[in-house]
Amino acid sequence: MKKVAYVTVYWGDEYGKPPKTSAEKALDEALAKEILKRIEQLRNIKIAEVSFDHYHLEITGDEAFCFLMEILQPASHLVSHTSVRVWRTYSRQELGALPVLLWRFTNQAIEDDWYDLKEDGYKGGAKASHKRCPACRAELEQVRDLLVDVRKMGKRDVSLTYGFEVILSARLAQTLQESGLTGFTLRPVWDYRKPNQGEPRLFQLIMTNVLPPMASPPTEFEGEQRCGVCGTESRYIKHTHYWGRIRYYEETSVYYPKEVLETAADFNRTTERFGDLSASDPYVIISQRAYRWLREQNVRGWEVEPVYLVE
Ligand SMILES: [Zn+2]
């Protein structure tokens, strides 16, 4: 695993606060510049941009990140909670050694179901694609095929809709059908202008195998929500951390009991739902076999993250 952090140090006026006096601004600028001086010569901290009221840093590895967080403590007011983000990347070798992985999608080209989006306003009315809870609007059940603007897919093979449904091209859907991989079903997706006509150009990938709950701890969550009307629960994987007075963003990992392998298919969905209640969805967990298959298909628009197994 490699960690890269992105940090912005900003000494200008803050939104929603009274403007700084010129003396305050001068002090903050001096503080920011002093920090800059201390990191100038460091190999693992790259100064990506310096402007009249801020600079961007790119930090590689834990050691440099710790060092920077320490020297930034007296300047914590110059680093807002959205300006420190840590991203983890994994080598092919690391990912190739894991029996199951978290499948993430990197494009969201397809709009939502035409009726839900344009006419129903996600209320779950009589003609909507899903039954929804009247209180929290969580999707409870899909009741018909999706009707979308299929042109938005372009030449892509995989895309999410705005509502996180997984959409495949007809080409990929057919190859998947013939692959022998397990744990899914395919549902036609129609062009909203001529539903149910001819061969569908797109398919919705629906994970049918549901995994048992994640192992928690060590998996950590935050932002848990529960609807008192339908009982739907949702959450986020923990990503909020503090280093002294500095709040920063870093995703944490997903863990399962190792017995999960006895019930896992090639495609699975998690018991847990993630996101805000009204737009909450399970995550997709795939097998190493499915991961290799996806790579062999030369498909873009996705990535995987490790899932770790524990006793
Ligand atoms: Zn509800």
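## Working through the cores, a helix and the domains

Leaving out neighbours within four places in sequence, Ile-285 touches Val-100, Leu-102, Trp-103, Leu-211, Asn-268, Thr-270 and Val-307. Keep in mind that this is a predicted model.

**Exercise 1.** Find out which residues have the most contacts inside the largest nonpolar core, and which strand gives the most to this core.

*Solution.* Start with the core itself: it holds 39 residues. Leu-168, Val-284, Ile-285 and Ile-286 have the most contacts inside it. Next, look for the top contributor, which is strand β19, residues 281–287, with four residues. Don't stop there, though: a second, separate core has 18 residues, among them Ile-59, Ala-64, Met-69 and Leu-78. As a rule of thumb, nonpolar side chains in soluble globular proteins tend to be buried together.

**Exercise 2.** Sort residues of helix α2 into buried and exposed, then work out why the buried ones line one face.

*Solution.* First, pick out the buried residues of α2 (residues 62–72): Ala-64, Phe-65, Leu-68, Met-69 and Leu-72. Now look down the helix axis: these buried residues fall within an arc of 135°, so they line one face of α2. The general background is that an α-helix has 3.6 residues a turn, so residues three or four places apart point the same way. Then flip to the other side of α2, where Glu-63, Cys-66 and Glu-70 are exposed. Last, ask what sits over the buried residues of α2: the cover includes α1 (22–39), the strands β1 (2–10), β2 (45–50) and β3 (54–60), plus β15 (240–243) and β16 (246–250).

**Exercise 3.** Decide how Thr-175 should be classed: buried, partly exposed or exposed.

*Solution.* Locate Thr-175 first; helix α5 (residues 170–177) contains it. Then count: Thr-175 has 16 C-beta neighbours inside 10 Å. Buried takes 20 or more and exposed takes 12 or fewer. Thr-175 therefore counts as partly exposed. For a sense of distance, take Ala-128: it lies 47 residues from Thr-175 in sequence, and their C-alpha atoms are 30 Å apart.

**Exercise 4.** Describe the overall layout of the protein, starting from its domain assignment.

*Solution.* Begin with the bounds: domain 1 runs over 2–89, while domain 2 is made of 98–218 + 254–311. Their centres, taken over C-alpha atoms, are 38 Å apart. Next, tally the secondary structure, which comes to seven helices and 20 strands. The C-alpha trace spans about 70 × 45 × 40 Å along its principal axes. Finally, check burial: 27% of the 311 residues are buried.

Note on methods: Residues are numbered from 1 along each chain as its sequence is written. This is a predicted model: local features need pLDDT of at least 70, side-chain atom pairs count only at pLDDT 80 or more; totals for chains, interfaces and linings use all residues. A nonpolar core is a set of buried Ala, Val, Leu, Ile, Met, Phe, Trp, Tyr and Cys residues joined through C-beta atoms within 7 Å. Helices (H or I, at least four residues) and strands (E, at least two) are DSSP runs, numbered from the N terminus. Two residues are in contact if their C-beta atoms, placed from the backbone, lie within 7 Å. Domain bounds come from an automatic or database domain assignment. The arc is that of the directions from the helix axis to the C-beta atoms.
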